[in-house]
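Trainee: Before we discuss this structure, I should like to ask on what grounds each descriptive term is applied. May we look at it together?

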Amino acid sequence: MSEAKATQNNEEINIFEEILDWIEAILFSVFIAVTFFTFILKPAEVDGPSMLPTLHDGDKILTSSMFYNPKAGDIVTLNCTALNESIVKRVIATEGQTVDIDFEAGKVYVDGEEQYEPFINDITTRDLGAFEYPVTVPENCVFVMGDNRNNSTDSRSPYVGFVNKEDIWGRAVFRVYPFDSFGKL
């Protein structure tokens, strides 16, 4: 084989090896990104006004489900099969806790204690008919409400009711859009 032909073959092999290196790097990066956004942080979008003033319609958030156990005050994304959609709400009470709502006074009580809720849009005056209060949250469930209490379909509604922990996709940890509101939740 001539020296020119051997040099050309070596160049072709080097180009092929470099292309394979690039493909490997791209596939590895895609694998890491998919793993990250599947198991660590999942994107979600707020749909509707039910979380005003905390979150707005169209806000993009990241949720985390890794080692997550819901607690009162957390903002969560969850699968609501009756509404056939994912929704974003705030955990008000967890399993074994008792929720009571005084719709005339607009006050929410958990285990007999009035809740301090500086994040709500308005006092809670809307009863959606799911329960007669007080009500105790069953095992492996939570009671959720939107921050815009009088414009939210949440655990007060028979369409949502108690939410099984298995239906919670994760706790909202960051708002990523709009950019002027970027930050930890």
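Mentor: What follows is a set of questions on the terms used for this predicted model, each answered from a value and a cut-off.

Trainee: Why is Phe67 called exposed?

Mentor: Phe67 has a relative accessibility of 78%. The term exposed applies over 50%, so Phe67 counts as exposed. Phe67 is found in the loop between strand E2 (60-64) and strand E3 (75-80).

Trainee: What makes the backbone of Phe67 worth noting?

Mentor: Phi of Phe67 is near 55 degrees, a positive value, and the residue is not a glycine. Asn140 likewise has a positive phi, of about 65 degrees, without being a glycine.

Trainee: Why is Asn140 called partly exposed?

Mentor: The relative accessibility of Asn140 is 38%. Partly exposed is the class between under 20% and over 50%, and therefore Asn140 belongs to it. Asn140 is placed in the loop between strand E8 (135-136) and strand E9 (141-145).

Trainee: How do you know that the peptide bond between Leu52 and Pro53 is cis?

Mentor: Its omega is about 5 degrees, and the bond is cis. Pro53 sits in the loop between strand E1 (42-45) and strand E2. A cis bond also leads from Tyr133 to Pro134, with omega near 5 degrees. Pro134 is in the loop between strand E7 (113-114) and strand E8.

Trainee: What makes the pair Thr54 and Asp147 a polar contact?

Mentor: The two side chains are joined at 2.5 Å, and the cut-off for such a pair of N or O atoms is within 3.5 Å. The distance satisfies the cut-off, so the term polar contact applies. Thr54 lies in the loop between E1 and E2. Leaving aside residues up to four places away in sequence, Thr54 touches Ile75, Arg90, Phe119, Asp147 and Arg175.

Trainee: Why is Ser155 called buried?

Mentor: Ser155 has a relative accessible area of 0%. Buried means under 20%, so Ser155 is buried. Ser155 belongs to the loop between E9 and strand E10 (163-164). A polar atom of the Ser155 side chain lies 2.8 Å from the backbone nitrogen of Val144. Among the residues that Ser155 touches beyond four places in sequence are Phe131, Phe143 and Phe162.

Trainee: Which residues have the most contacts inside the largest nonpolar core?

Mentor: They are Val99, Ile101, Tyr133 and Phe143, in a core of 14 residues. Strand E4 (85-94), strand E5 (98-102), strand E6 (107-110) and E9 each give two or more residues to this core. E9 supplies the largest share, 3 residues. Another core, of 10 residues, lies apart from it and includes Leu78, Cys80, Val144 and Val163.

Trainee: What makes Ile15, Phe16, Ile19, Leu20, Ile23 and Leu27 a nonpolar patch?

Mentor: These residues form a nonpolar patch on the surface, and together they have about 590 Å² of accessible area. Ile23 serves as an example: membership requires over 30% relative accessible area, and Ile23 has 42%. That value satisfies the cut-off, and since it falls between 20% and 50%, Ile23 is called partly exposed. Ile23 is in helix H1 (residues 3-40).

Trainee: Why might a nonpolar patch on a surface draw attention?

Mentor: Because nonpolar side chains tend to be buried together in soluble globular proteins.

Conventions:
Residues are numbered from 1 along each chain as its sequence is written. This is a predicted model: local features need pLDDT of at least 70, side-chain atom pairs count only at pLDDT 80 or more; totals for chains, interfaces and linings use all residues. Side-chain values use heavy atoms; hydrogens and water are left out. Helices (H or I, at least four residues) and strands (E, at least two) are DSSP runs, numbered from the N terminus. Buried means under 20% relative accessible area, exposed over 50%, partly exposed in between (1.4 Å probe, protein chains only). A polar contact is a pair of N or O atoms within 3.5 Å; within protein, one must be able to donate a hydrogen and the other to accept it, and residues adjacent in sequence count only if both atoms are side-chain atoms. Contact means heavy atoms within 4.5 Å. Patches are made of residues with over 30% relative accessible area and no salt bridge: like charges are joined within 9 Å, nonpolar side chains (Val, Leu, Ile, Met, Phe, Trp, Tyr) within 5 Å. Accessible areas come from the Shrake-Rupley method with a 1.4 Å probe; for residues, only the protein chains shown count as cover. A salt bridge is a side-chain nitrogen of Lys or Arg within 4 Å of a carboxyl oxygen of Asp or Glu. A nonpolar core is a set of buried Ala, Val, Leu, Ile, Met, Phe, Trp, Tyr and Cys residues joined through side-chain atoms within 4.5 Å.
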